[in-house]
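This report is meant for someone meeting the structure for the first time. Please look through the sequence and the model before reading on.

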Amino acid sequence: MSTNTPIRVSVTGAAGNIGYALLWRIASGDCFGSNQPVILQLLEIPPGMERLQGVIMELRDSAFPLVHDIVGTDNPEIAFNDADAIFLVGSRPRTKDMDRSDLVAANGPIFVGQGKAIDTVASRDVKVITVGNPCNTNALIASANAPSIPPRQFTAMTRLDQNRAVGQMAERAGVPASKVKNVFIWGNHANTMYPDPRCGTVDGQSATDLFESDWLQGDFLDIVSTRGKAIIMARGASSAASAAAAAVDHMRDWWQGSNGHIVSVAIPSEGWYGVPEGIVFSFPCRCENGEIIVVDDLPIDTFTQSKIDENVAALLEEREAVSELLGN
Ligand code: NAX
């Protein structure tokens, strides 16, 4: 997929914690390929502009051969102009005193204006990943406000949850993470999400044969689903470097392909597995030729169905809470 014409990559919240880890991975070629030059178009809000100038100084000081230009702005229409790929990171992270509804109320409106700007100025083929939380519903808001761009070009990130699941399995089995394949996430990037082990393999062996179901449905599920909170408690700040790594994995696979592996992408449902159309839901997917293809024929057992239902209910509730931001 690499060409020598630079692509335009937008990152919002570029002076934040995730941005600081993400930009260096994009600039070094980890996401779009080691031959693919990039023009970085970085968005911040006015109070973040001075920090953004510092980040841009450091990016220039890193002398990345693939970085052909860097634009820093507080205007979304400049940041998203002709963008080929957009990382929507900028928003307020959840703090210890906030619950999920506070987060929806604080961050939802950001994605109205950004969706409209994407609709107006981005490349018609743009690929959008939403990281800022609540990321599934923020992706829905952005997509609803960008009616001229097909909804399946708006995704949200559950790859960090997948990577957390992979990390737990690798640690328990005593193998490197690269040996764990095809574990994926259903649903919402929230503690209802479900890491499905049934297609998973560990060094070629079935994950459901290797691990006891008590662990898979007990500690494993608890650790993965509450990992974000555990990181906040331990670091005093939300996950940043691991979130950036997951955003790179998500966009890299979308851009360059997932080599036949199943990966987690939250994408507007087209009714797969009975999930209501429109809500942005994490499904098992393969990425090929720049497209995301939902693996829509996995058998669903009672436990998995109950987890899908729980996530559908949560996402319908979130959609209802932001209905006035959806432009209809
Ligand atoms: P930071 O507070 O460090 O950075 C956010 C940056 O966004 C700040 O520099 C701020 O000025 C900027 N910003 C705020 N509103 C903006 C807007 N309207 N336009 C452009 N920039 C804006 O947060 P950080 O740790 O980087 O986290 C960013 C977001 O990622 C949060 O919403 C956080 O909850 C979310 N996360 C999502 C994860 C996921 O798996 N989907 C995991 C990690 C993280 O929790």
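Where is Gln 36 found? Gln 36 is found in the loop between helix 1 and strand 2 (38-43), where helices (H or I, at least four residues) and strands (E, at least two) are DSSP runs, numbered from the N terminus. This is a predicted model, in which local features need pLDDT of at least 70 and side-chain atom pairs count only at pLDDT 80 or more, while totals for chains, interfaces and linings use all residues. Residues are numbered from 1 along each chain as its sequence is written, and side-chain values use heavy atoms, with hydrogens and water left out.

**Gln 36 and other buried residues**

Gln 36 has a relative accessible area of 2% and is therefore buried; buried means under 20% relative accessible area, exposed over 50%, and partly exposed in between, with a 1.4 Å probe and protein chains only. The side chain of Gln 36 reaches the backbone oxygen of Thr 5 at 2.9 Å. Such a pair is judged by the rule for a polar contact, which is a pair of N or O atoms within 3.5 Å; within protein, one must be able to donate a hydrogen and the other to accept it, and residues adjacent in sequence count only if both atoms are side-chain atoms. Gln 36 and Phe 80 are 44 residues apart in sequence, and their C-alpha atoms are 19 Å apart in space.

Strand 13 (residues 280-288) holds Ser 282, which counts as buried because its relative accessibility is 0%. The side chain of Ser 282 reaches the backbone oxygen of Ile 185 at 2.8 Å. Cys 287 also has its place in strand 13 and, with a relative accessible area of 3%, is buried. From C-alpha to C-alpha, Cys 287 lies 9.6 Å from Val 265, although the two are 22 residues apart in sequence.

Asn 107 belongs to helix 4 and is buried, its relative accessible area being 1%. Between the C-alpha atoms of Asn 107 and Ala 15 there are 17 Å, and the two residues are 92 residues apart along the chain.

**The ligand and its surroundings**

The ligand is surrounded by 27 residues, and the closest are Asn 17, Ile 18, Glu 44, Ser 91 and Val 131; a residue is counted as near a molecule or strand if one of its heavy atoms lies within 4 Å of it. The table gives three polar pairs between ligand and protein.

| Ligand atom | Protein partner | Distance |
|---|---|---|
| oxygen | N or O atom in the side chain of Arg 51 | 3.3 Å |
| oxygen | backbone N or O atom of Arg 92 | 3.3 Å |
| nitrogen | polar backbone atom of Val 131 | 3.2 Å |

Taken alone, the ligand exposes 880 Å², of which the protein buries 89%; accessible areas come from the Shrake-Rupley method with a 1.4 Å probe, and for residues only the protein chains shown count as cover. The elements that give two or more residues to the shell around the ligand are helix 1 (17-27) and helix 4 (100-121). At least three residues of the shell come from each of domain 1 (7-156) and domain 2 (159-319), with bounds taken from an automatic or database domain assignment. By class, the shell has 12 nonpolar, 11 polar and four charged residues; Ala, Val, Leu, Ile, Met, Phe, Trp, Tyr, Cys and Pro count as nonpolar, Asp, Glu, Lys and Arg as charged, and the others, Gly among them, as polar.

**Helix 11 and what follows**

Helix 11 (residues 241-256) has 16 residues and spans 22 Å from its first C-alpha to its last, close to the 22 Å expected at 1.5 Å a residue, a figure obtained as 1.5 Å times one less than the number of residues. Among the buried residues of helix 11 are Ala 243, Asp 249, His 250, Trp 254 and Trp 255. Just after helix 11, Gly 257 takes a positive phi of about 100 degrees. Asn 259, in the loop between helix 11 and strand 12 (263-268), has a positive phi of about 55 degrees although it is not a glycine, and with a relative accessible area of 70% Asn 259 is exposed.

**Two further loops**

Ala 63 lies in the loop between helix 2 (49-61) and strand 3 (67-73). Its phi is near 50 degrees, a positive value in a residue other than glycine, and at 59% relative accessibility Ala 63 counts as exposed. Pro 134 has its place in the loop between strand 5 (127-130) and helix 5 (135-144), and the peptide bond from Asn 133 to Pro 134 is cis, with omega near -5 degrees.
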